[in-house]
Amino acid sequence: MSTQRVVVVGGGLAGLAATMKLCELGIPVDLISLTPVKRSHSVCAQGGINSCNEQTRQLGDSEWHHLDDTVYGGDFLQHQPPVKEMAYWAPKVIELMDRLGVTFNRTEEGFLDRRRFGGTLFKRTAFAGATTGQQLLYALDEQVRRWESEGMVRKFEFWDFLGPMQDESGRCVGVVAQDMVSMEMRSFPADATIVATGGNGLIYGRSTMSVFCNGGAASRCFQAGAKLGNPEFIQVHPTAIPGADKLRLMSESARGEGGRVWVPRTPQDPRPVKSIPEADRYYFLEERYPEYGNLVPRDIATREIFNICVNEGLSVEAGRMCVYLDLTHIERSELDRKLGGILEIYEKFQGVDPRDVPMKIFPAVHYSMGGLWAGYTKNSDGGLLAGDPGNQMTNIQGLYALGECDYQYHGANRLGANSLLSCIFSGLFVAPGIQNYIKNQSKAAAELAPAVFEGALAKQQERHAALLSNAGGENPYLLHQELGDVMTRAATVVRVNSQLDDAYSRVSDLHERAMACSLTDSGSWTNQNVIFTKALQDMFPIAKSILKGARLRDECRGAHFKPEFSMPSLTEEEPQARRQEAERWCDRFEENNKKFLKSTIATYDGADPKITYEDVDTGSIAPRPRLYGLVGAETIEQVWKERASAPKNVDKNT
Amino acid sequence: MTATNTHHQASTPQHPEKVNVRVLRQDGPGQPTYWERHQVEYEENMNVISVLQRIAAQAATVEGNKVTPVAWDCGCLEEVCGSCTMVVNGKVRQSCTALVDRLLEDNSAEIELRPMTKFPVIRDLIVDRTRLFQGLERVKAWVPVDGYSDMGPGPRQSRKQQEQSYPLSQCMSCGCCLDACPQYQKIELHRRPGETEEQFEDRKREAYGSQFMGAAPISQAVLFNSHPTGNSLAEERVEALIAPGGVQACGNAQNCVAVCPKEIPLTTSIGRAGRAATVHSLKKMFDS
């Protein structure tokens with residue numbers, strides 16, 4: 001058999017981790033990326049990477065607690081075996097990255113320093129200043145460059161992935177990609193293919209994501225028959241700097257290091273911000289969530305900030321929504337040492353030094369928790385079976401999905417500082433499984449009949465040629481702005497069914513118009529116009545899945561919030577009545593879980609996405625209500641605990 | 001959130017209604033260059049990227065001639081990915097942090113955009129920076145670990161050591177330091193008739209490999225030599241630094257450190273690399 005190869009599409013943390021591990025196992029890799037891999041958007045992750053560690057262990061932490069925080073934070077919507085495996089691997093992942101030379105911050109004694117992040121009470125997050133993603137990505141990029149110098153990796157940078165190639169049985173046998181400089185299209189036969197192309201924030205027009213995160217690659221797999229999981233779960237990060245071209249992240253680490261969120265109690269208080277006395281400041285997160293304070297999970301913080309501006313009219317500015325994120329009480333040298341990178345960004349783009357003046361921030365679309373459906377194989381401990389070829393494989397045989405573009409790990413809401421972990425972990429973990437998968441193939445992809453590859457290539461060449469000669473008159477850049485507007489209004493912080501219906505029909509209309517774009521550049525050299533238009537057209541199947549998934553999910557779960565179906569606080573004051581109310585609350589919660597504690601599965605037939613549901617594996621930790629900030633939470637929790645400990649065979653309805 | 005924050009106040013008198021932009025264009029390698037004038041509506045908080053986005057959407061010059069959109073390279077728009085380097089009003093920098101208000105303060109008539117000067121132009125404002133990444137390979141800018149299995153933590157390091165390394169590890173390979181360096185000369189090769197793609201790549205690699213590598217890779221060599229494990233390749237790195245195109249080619253103009261958007265102490269790195277090279281050369285002289 002000729003040499004077997006793997007194609008990795010996307011060179012962020014997940015793609016690079018998988019590449020270097022495959023190389024270590026002796027498997028050569030073709031690495032395809034829209035940009036030089038060192039520029040992948042993982043570089044912009046700021047705050048840190050989680051693991052239970054020696055310090056937190058001595059305060060009662062364990063890998064189990066990390067698992068629990070992830071699952072509870074994600075509102076129980078993730079399959080628990082992958083999350084469990086990840087939490088138990090986390091300390092090893094951080095040690096490996098330390099060995100690879102990541103310049104993690106150190107304590108006085110020389111150990112790794114840690115900070116706190118939202119959704120946990122432990123200081124679990126290792127960090128390299130406020131540019132942790134950059135440092136982690138560079139360490140992996142350096143390892144891959146090392147393998148490249150040894151001839152194990154061929155890099156195809158500035159290449160656009162156009163779609164998977166499948167043999168007659170449907171198995172993925174490589175990809176078709178296009179050189180974005182010469183516009184040449186080529187087939188890349190491969191015995192296994194990994195897609196690790198990140199999130200799809202560009203569907204929202206402006207987000208904290210980079211211009212590469214357009215969802216095109218995932219959509220091309222989706223259109224080829226791969227399933228999507230939980231597309232409607234889009235995390236809106238509570239704190240970002242609004243901008244005309246994009247929304248820039250202001251990391252949760254700013255709050256992890258003591259940053260405080262507040263607004264003046266008087267709307268648009270005219271006094272200079274620093275002179276407003278404590279008594280006239282409303283630290284709404286600290287007041288409403290005394291235990292977690294500014295570090296409540298992201299969905300909660302986002303909604304509270306949104307609410308304080310939209311419903312309570314307390315935005316700091318009259319014409320624009322924002323609240324203060326205040327670091328000015330912290331010593332400058334401390335800020336420079338731990339948060340320098342992000343404070344510089346604020347300073348450079350806003351022209352104001354956040355060490356002296358509180359920052360003005362507002363929520364922004366940040367992370368796609370849904371993505372390509374990926375499988376897993378459970379072991380007897382409730383984790384994953386190492387080396388099993390099914391781990392991270394999509395429903396298309398031989399096509400794997402990793403990192404932000406898959407739907408595992410984060411559930412209904414991503415816990416801060418878990419995404420870097422999930423990317424590196426899944427990249428490392430998947431490689432031995434892929435090795436076993438390709439070992440079991442009877443024939444190397446390179447030995448298949450050329451017709452398999454020629455057909456796939458011809459299809460892409462046709463699409464390209466048709467686009468260049470299309471004269472429909474539509475402008476792709478303007479359509480993109482419209483799409484972003486519709487999506488941002490209907491499918492971010494608060495979702496309302498009538499608005500989702502309206503958005504779906506508007507997006508369908510835009511979809512049709514996008515198929516009739518005229519290009520202002522019909523040339524055959526570095527034609528960014530045609531590449532953008534393809535990506536735009538491919539945003540629609542995903543955008544429709546987001547809207548339809550959100551429309552059908554009549555509940556509130558993590559990042560998906562529909563006030564119409566929210567679970568209210570308790571109102572009864574009298575203990576007996578309050579308890580009965582809590583019982584009814586729990587009944588309703590259980591009923592709702594029967595219906596919606598499920599993964600949303602979207603499939604695509606060319607017209608409209610179809611939505612079905614799959615059960616979630618909650619084998620390690622039984623679902624419980626997520627009760628942040630709810631009045632009467634203690635009573636509900638009490639009732640819930642009693643129910644959970646009651647013998648299972650007693651059915652109260654009989 | 002687009003819906004809630006797209007709030008464009010009417011331009012105040014000190015701002016122009018329109019922004020004039022002059023772009024140096026080139027349709028492809030070896031093609032002639034030409035200037036083209038564009039005009040976009042002024043908006044608050046605009047940067048050069050948003051100006052280019054508007055130009056792409058309208059695809060017509062100020063004279064109203066239909067043209068292809070200007071091609072440029074960008075990524076994160078947060079000055080971390082290193083993609084969007086270009087020469088803005090005569091200065092090499094990241095275009096995402098080039099704020100229009102500031103540029104107009106310097107020259108209210110016009111913003112001038114041109115590609116980096118030391119790298120071959122692919123099209124318009126996009127250049128080929130392969131040589132920069134190859135520099136990293138030349139100095140083996142990595143930690144040669146045994147493997148990726150679980151082998152426990154890395155070597156303990158002091159906070160002082162981390163604080164010395166961290167600024168160097170922030171280098172985003174944007175290429176500003178190389179573009180501003182008088183000793184870093186442009187190498188532009190064209191494919192010869194009958195030459196295969198592989199042969200052409202080999203020829204480029206050889207040409208790049210013998211010329212001055214510039215500040216960015218030298219600084220990375222210093223970073224990895226100071227890492228307790230990375231240091232095991234120190235000798236090979238020093239060999240690369242004293243080879244043709246190494247640290248001795250530096251003319252100490254100090255332009256690199258002046259233009260670095262991340263304020264990396266590049267000249268300090270070059271000094272350290274130079275000393276290591278001298279020590280190494282002397283040692284070799286006495287050993288032989």
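**Exercise 1. A salt bridge in chain B**

Decide, from its relative accessible area in this predicted model, whether D124(B) is buried or exposed, and then find which residue is its salt-bridge partner and where the two lie in the chain.

*Solution.* Step one is to compare the value with the cut-off: D124(B) has a relative accessible area of 0%, and because buried means under 20%, D124(B) is classed as buried. Step two is the partner, R25(B), whose salt bridge with D124(B) has its closest N and O atoms 3.0 Å apart. Step three places the pair along the sequence: R25(B) belongs to strand β1 (residues 18-26) of chain B, while D124(B) sits in the loop between β6 (121-123) and β7 (126-127), so that the bridge links distant parts of the chain, 99 residues apart. Step four repeats the accessibility test for the arginine, and R25(B), at 0% relative accessibility, likewise counts as buried.

**Exercise 2. Salt bridges in other settings**

Classify K186(B) and E188(B) as buried, partly exposed or exposed, and state what the N to O distance of their salt bridge is.

*Solution.* Begin with the distance, which is 3.8 Å from N to O for the side chains of K186(B) and E188(B), and which satisfies the salt-bridge rule because the limit is 4 Å. Next take the accessibilities: K186(B) has a relative accessible area of 37% and E188(B) one of 30%, and since the intermediate class lies between 20% and 50%, K186(B) is partly exposed and E188(B) is partly exposed as well. Elsewhere, salt bridges that share partners join R332(A), D336(A), E347(A), D353(A), R355(A) and D356(A) into one network. For a pair in chain A, consider R106(A) and D98(A), whose side chains meet in a salt bridge at 3.0 Å, N to O; R106(A) and D98(A) are both buried. Over all chains, the rule gives a count of 80 salt bridges.

**Exercise 3. The interface of chain B and chain A**

Describe the interface of chain B and chain A by its contacts, its buried area and its polar pairs, and say which element of chain B supplies the largest share of that chain's side.

*Solution.* The contacts come first: 82 residues of chain B are in contact with 84 residues of chain A. The area buried between the two chains is about 7,100 Å², of which carbon and sulfur atoms give 52%. Turning to specific pairs, the rule finds six salt bridges across this interface, and D521(A) forms a salt bridge with R123(B), with the closest N and O atoms 3.0 Å apart. The count of residue pairs in polar contact between chain B and chain A, both at pLDDT 80 or more, is 36. On the side of chain B that touches chain A, at least two residues each come from α1 (2-5), α2 (48-58), β6, α4 (130-138), α5 (159-169) and α8 (215-225). The largest share comes from α5(B), with six residues. By class, the residues of this side divide into 38 nonpolar, 28 polar and 16 charged.

**Exercise 4. The two domains of chain B**

Give the domain bounds of chain B, state how far apart the C-alpha centres of its domains lie, and work out how domain 1 of chain B meets domain 2 of chain B.

*Solution.* The assignment divides chain B into domain 1 (16-126) and domain 2 (129-146 + 155-287), and the C-alpha centres of these domains lie 30 Å apart. Contact involves 19 residues of domain 1 of chain B and 19 residues of domain 2 of chain B, and the two domains bury about 1,600 Å² between them, 55% of it on carbon and sulfur atoms. In domain 1, V92(B), K118(B) and F119(B) lose the most area to domain 2, together 41% of what that side buries. The rule finds two salt bridges across this interface, and E79(B) and K262(B) have side chains that meet in a salt bridge at 3.8 Å, N to O. There are nine residue pairs in polar contact between the domains, both residues being at pLDDT 80 or more. The elements that give two or more residues to the domain 1 side are β3 (85-88) and β4 (91-94) of chain B, and β4(B) gives the most, with three residues. That side has nine nonpolar, six polar and four charged residues.

Technical notes. Residues are numbered from 1 along each chain as its sequence is written. Chains are lettered from A and ligands numbered from 1 in the order in which they are written. This is a predicted model: local features need pLDDT of at least 70, side-chain atom pairs count only at pLDDT 80 or more; totals for chains, interfaces and linings use all residues. Side-chain values use heavy atoms; hydrogens and water are left out. Buried means under 20% relative accessible area, exposed over 50%, partly exposed in between (1.4 Å probe, protein chains only). Helices (H or I, at least four residues) and strands (E, at least two) are DSSP runs, numbered from the N terminus. Contact means heavy atoms within 4.5 Å. Buried area is the accessible area (1.4 Å probe) that two parts lose on being put together, summed over both. A polar contact is a pair of N or O atoms within 3.5 Å; within protein, one must be able to donate a hydrogen and the other to accept it, and residues adjacent in sequence count only if both atoms are side-chain atoms. Ala, Val, Leu, Ile, Met, Phe, Trp, Tyr, Cys and Pro count as nonpolar, Asp, Glu, Lys and Arg as charged, and the others, Gly among them, as polar. Domain bounds come from an automatic or database domain assignment.
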